[in-house]
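Here is a short report on how nonpolar and aromatic side chains pack in one protein chain. Look at the structure first, then read on.

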Amino acid sequence: MLQAYREHAAERAKLGIPPLALDAKQVAELIELIKNPPAGEEAFLLDLLTHRVPPGVDDAAKVKASFLAAVAHGDIQVGLISKAKATELLGTMVGGYNVHPLIELLDDAEVAQVAADALKKTLLMFDYFNDVADKAKAGNAKAKEVMQSWADAEWFTSRPKVPEKITVTVFKVPGETNTDDLSPAPDATTRPDIPMHYLAMLKNTRPDAAFKPEQDGVRGPMQFIEDLKKKGHIVAYVG
């Protein structure tokens, strides 16, 4: 699995785009490797689990959340991931399959604070909000802490303030910009793969532009945009 992933990542790197996120089958294979890690691959395995699995309600997220929940509950022991670390990783999954395990972990004294801190920053709760409220009413101190944090909007107030001044580098695109300039219909098959689809943006020559597509009709001015980014500011598309 690791060799295939590295080959895939290398092919994508040649195009200047990141590798695809792991699918459910790959996550299941990754978990088996984490349980019995090859020597020297420990950090890479944890990085894949942490950063290369889609959050939310993706099938791969379900596999990840189920595994982390089992570790956090102590149902399985994994040398690379402690109960606290598993709980912390559950808290990075935004919402979906991670929410119910985090609520359950509010009852586990060993990781309750970690679970509470994660839930304070989780907004996609839906009906699970009522489960936290019920725990708080029943006297669970950490559930009360979460409810108070939500009431105080700490998920918002804890974020960095919007700077008073933002410096941008202008990416000037002459003429009208329409949907086909940004998301060409002939490349519709790549739309689910956003980094790949991005390569087709502005792929057709614009007579008065300061940039040219890298391959007319195929690949847009990607290096031109990357060079603008190197100036150190946000790049603002101005049409």
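Which residues have the most contacts inside the largest nonpolar core? They are Ile34, Leu49, Phe67, Leu68 and Leu90, in a core of 40 residues. Helix 4 (residues 59–72) gives the most to this core, contributing seven residues. A second core is separate and has eleven residues, among them Leu202, Ala209, Ile225 and Leu228. Note that the model is predicted.

**Around Phe67**

Phe67 ranks among the residues with the most contacts inside the largest core. What does Phe67 touch once neighbours within four places in sequence are set aside? Its contacts are Ile31, Ile34, Lys35, Leu49, Ile76, Val78 and Ile81. Two of these partners, Ile34 and Leu49, are also listed with the most contacts inside the core.

**Aromatic pairs**

The model holds seven aromatic pairs. One of them joins Phe171 and Phe211. The geometry is tilted, with 5.1 Å centre to centre and 50° between the planes. The planes count as tilted because 50° is neither under 30 degrees nor over 60.

This pair links distant parts of the chain, 40 residues apart. Each partner's place and accessibility are set out below.

| Residue | Location | Relative accessibility |
|---|---|---|
| Phe171 | strand 1 (residues 168–172) | 2% |
| Phe211 | loop between helix 12 (194–198) and helix 13 (222–229) | 3% |

Are these two rings' residues buried or exposed? Phe171 counts as buried because its relative accessibility is 2%, under the 20% cut-off. Phe211 is buried too, at 3%.

The pair belongs to a wider group: Phe171, Phe211, Phe224 and Tyr237 form one aromatic cluster.

Conventions. Residues are numbered from 1 along each chain as its sequence is written. This is a predicted model: local features need pLDDT of at least 70, side-chain atom pairs count only at pLDDT 80 or more; totals for chains, interfaces and linings use all residues. Side-chain values use heavy atoms; hydrogens and water are left out. A nonpolar core is a set of buried Ala, Val, Leu, Ile, Met, Phe, Trp, Tyr and Cys residues joined through side-chain atoms within 4.5 Å. Buried means under 20% relative accessible area, exposed over 50%, partly exposed in between (1.4 Å probe, protein chains only). Helices (H or I, at least four residues) and strands (E, at least two) are DSSP runs, numbered from the N terminus. Contact means heavy atoms within 4.5 Å. Rings of Phe, Tyr and Trp (its six-membered ring) pair if their centres lie within 6.5 Å; planes under 30 degrees apart count as stacked, over 60 as edge-to-face and the rest as tilted.
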